[in-house]
Amino acid sequence: MTSRERVLEHVTKNPGITFRKLAQELEMGIGNLQYHLRHLEREKKIVAKKLGGRKYIFPADFSESYKPLIIAISNESQRKILILLAEDEKNQHELAEKLNLTPSTINYHMERLEALGLVRKIKHGKNVIYQPNYDKDVLIRIIREYKPKIWDRLADKLIDLTLTFRGEKYD
């Protein structure tokens, strides 16, 4: 298998992978990877989307509507925010409290999620309410299908939480 075929195969198996992570996982030099990605883009086999200083790489035939969710769930804080918003709309204070993050950190992530079109910001006087702008079933399906390691961690945390409420331990 050629280096270019390895790159394409890895991007296909890991849609939305960042440039740096791709280089790391393939153990490929930056210049070499850039060369192959440039050719794959010219051949219309992959597409890259830049956001916040990061480059996310997708197979060319990957669903356009899934790209924002894939990008968002690659960040743990944004993934947690999306999961909380799937339950119900929340304000900045509620999110900060539940996630044990500062309001400024929540604000940073909310701006990114707004830029991706995944949340709506609604002002009620001085209070700002964030509403989900995505289908929560699609979010769950994307986590399960494209980020199975995340799905496993979420399942483990759910088991731990359930057993904690029962006073048991999970090994």
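**Exercise 1. Find the long-range neighbours of Met 110 and place the residue in its core.**

Solution. Leave aside neighbours within four places in sequence: Met 110 is then in contact with Ile 81, Leu 85, Leu 95, Val 119 and Tyr 130. Contact means heavy atoms within 4.5 Å. The model is predicted: local features need pLDDT of at least 70, side-chain atom pairs count only at pLDDT 80 or more, and totals for chains, interfaces and linings use all residues. Residues are numbered from 1 along each chain as its sequence is written, and side-chain values use heavy atoms, with hydrogens and water left out.

Next, the core. A nonpolar core is a set of buried Ala, Val, Leu, Ile, Met, Phe, Trp, Tyr and Cys residues joined through side-chain atoms within 4.5 Å. Buried means under 20% relative accessible area, exposed over 50%, partly exposed in between (1.4 Å probe, protein chains only). The largest such core has 30 residues, and Leu 82 and Met 110 touch the most other members. Elements that give two or more residues to this core are β3, α4 (67–73), α5, α6 (92–99), α7 (103–115), β6 (127–132) and α8 (136–146). Helices (H or I, at least four residues) and strands (E, at least two) are DSSP runs, numbered from the N terminus. The largest share, five residues, comes from α4. Another core lies apart from this one; its 13 residues include Ile 17, Leu 26, Met 28 and Leu 40.

In soluble globular proteins, nonpolar side chains tend to be buried together.

**Exercise 2. Work out the strand order of the open sheet and its pairings.**

Solution. Start with the order. The open sheet has three strands, β1-β3-β2, with antiparallel pairing. Two strands pair if DSSP finds at least two bridges between them. The edge strands are β1 (17–18) and β2 (46–51), and each pairs on one side only.

Now count bridges. Six join β2 to β3 (residues 54–59), and these strands run antiparallel. β1 and β3 also pair in the antiparallel sense, over two bridges.

Then match residues:

- Leu 51 has Arg 54 in β3 as its bridge partner.
- Val 47 has Phe 58 in β3 as its bridge partner.
- Ile 17 stands opposite Ile 57 in β3.

Check the turn. β2 and β3 form a hairpin with two residues between them. Gly 52 in that turn has a positive phi of about 55 degrees.

Last, look for a helix. Helix α3 (residues 30–42) lies across β2 and β3, and runs at about 115 degrees to β2. Axes are lines fitted to C-alpha atoms, for helices over the stretch in contact, and angles run from 0 to 180 degrees between N-to-C directions.

**Exercise 3. Is Thr 18 buried or exposed, and what does Thr 18 touch?**

Solution. Thr 18 is found in strand β1. Its relative accessible area is 17%, so Thr 18 is buried. Not counting residues up to four places away in sequence, Thr 18 touches Arg 54, Lys 55 and Tyr 56.

**Exercise 4. Classify Ser 77, Gln 78 and Lys 80 by accessibility, and list their long-range partners.**

Solution. Take Ser 77 to begin with. Ser 77 lies in helix α5. Its relative accessible area is 18%, so Ser 77 is buried. With neighbours within four places set aside, Ser 77 is in contact with Leu 99, Leu 101 and His 109.

Move to Gln 78, also in helix α5. Gln 78 counts as buried because its relative accessibility is 1%. With the neighbours within four places in sequence left out, Gln 78 is in contact with Ala 72, His 109, Arg 112 and Leu 113. The C-alpha atoms of Gln 78 and His 109 are separated by 6.2 Å, while the residues are 31 apart along the chain.

Finish with Lys 80, in helix α5 (residues 76–87). Lys 80 has 35% relative accessibility and therefore counts as partly exposed. The C-alpha atoms of Lys 80 and Leu 99, 19 residues apart along the chain, are separated by 7.7 Å.

**Exercise 5. Find the buried residues of α8 and the cap at its N-terminal end.**

Solution. Val 138, Leu 139, Ile 142 and Ile 143 are buried in α8. They cover an arc of only 135 degrees around the axis, so they are on the same side of α8. The arc is that of the directions from the helix axis to the C-beta atoms.

For the cap, look at Asp 135. Asp 135 caps the N-terminal end of α8: a side-chain oxygen lies 2.8 Å from the backbone nitrogen of Asp 137.

Note on methods:
Polar contact = N/O pair within 3.5 Å; in protein donor to acceptor, adjacent residues only side chain to side chain.
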